[in-house]
Amino acid sequence: MGVHGFAGWVAEFEGEKAGRAATPEPEWGRGADLPAALCRSLQKFQVGEDGDGANLIAKADRAGDPGYSAAVRLFVDEERNHARLLAELLGAAGVPLLDGHWTDALFVRARRLLGLRTELMVLMVAELVAVEYYGKVRDGVADPLARDVAARILRDERRHIPFHVLRLRQSPAGRAAPFQLFAVLVWRLLVPVAAVFVAVDHGPALHAVRASRVGFVLAVLRRASAVAAELSGKGDRATAPVTAPEPAGE
Ligand SMILES: [Fe+2]
Ligand SMILES: [Fe+2]
């Protein structure tokens, strides 16, 4: 383990990368038959997954922990792979990709203004939303190719939450505990706003995979409570790499 424990995460990400390389690609050639509402939703998620990795890597490098920098690069690779998987899926369904979307442009612009810690807090909201969204798609979509892609992405997104938690739990010198508690409080207010926004914006897609908007919001809030407890030092869940899949339907 490195000074901050990110050597374990580098090994975790490397292991996942090797696993991906050894796993056959989804059967793109079979095509995909997706509800129109889900296509429109996946187009937006595809833009979001493409994200702004270079900006995050630059901030991680400035933080001065080589182990963390290496882990962040591997994390960004995973997010870019999600964008690639969604692009292939949309291609298999005969749906074009979006050049960009205003919600994503806003998200990226906001993140650029932030320091590493605050950016990770914002990114954590996206991870919580992603875990619930891909879980609902995996469990509710009829198309086997879409189910396969959602399951692959979901597996990574679940690991990203403890990865960010570990970094956020490292108190920088001089950062007072009350400030951290205030940051977590602000974050807890941000989560429901973001969850409701996504539930409305992607509501037709959630409906298409037989998931309710309210259920989606509540599930995101439940996960956010667990994360907030960990960030406030009250949680007891490990922040070491966790690869064990959660039971289906969670
Ligand atoms: Fe992702
Ligand atoms: Fe992620």
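**Close-ups of the two iron ions**

**View 1. Glu79 links the two metals.** In this predicted model, the iron ion (ligand 1) and the iron ion (ligand 2) lie 3.7 Å apart, with Glu79 as a bridge between them. Please keep Glu79 in mind as you move through the views: this residue is listed among the donors of ligand 1 and also among those of ligand 2.

**View 2. The surroundings of the iron ion (ligand 1).** Here the protein donors are Glu49 (OE), entered twice, together with Glu79 (OE), His82 (ND1) and Glu157 (OE), at 1.9 to 2.6 Å. If you follow the chain, these donor residues show the spacing E-x29-E-x2-H-x74-E. Distant parts of the chain are linked by Glu49 in helix 2 (residues 36-50) and His82 in helix 4 (residues 66-92), which are 33 residues apart. Both Glu49 and His82 are buried.

**View 3. The surroundings of the iron ion (ligand 2).** Glu79 (OE), Glu127 (OE, entered twice), Glu157 (OE) and His160 (ND1) serve as the protein donors, lying 1.9 to 2.7 Å from the ion. Along the chain, their spacing reads E-x47-E-x29-E-x2-H.

**View 4. Glu157 and His160 on helix 7.** Look along helix 7 (residues 144-168) and you will find both Glu157 and His160, three residues apart, or about one turn of the helix. Glu157 has a relative accessible area of 1%, so this residue is buried. His160 counts as buried too, because its relative accessibility is 0%. Both residues are donors to ligand 2, and Glu157 also appears among the donors of ligand 1.

Note on methods. Residues are numbered from 1 along each chain as its sequence is written. Chains are lettered from A and ligands numbered from 1 in the order in which they are written. This is a predicted model: local features need pLDDT of at least 70, side-chain atom pairs count only at pLDDT 80 or more; totals for chains, interfaces and linings use all residues. Side-chain values use heavy atoms; hydrogens and water are left out. Donors are N, O and S atoms within 2.8 Å of the metal (3.2 Å for Na, K and Ca); water is not among the atoms, so sites may look incomplete. Helices (H or I, at least four residues) and strands (E, at least two) are DSSP runs, numbered from the N terminus. Buried means under 20% relative accessible area, exposed over 50%, partly exposed in between (1.4 Å probe, protein chains only).
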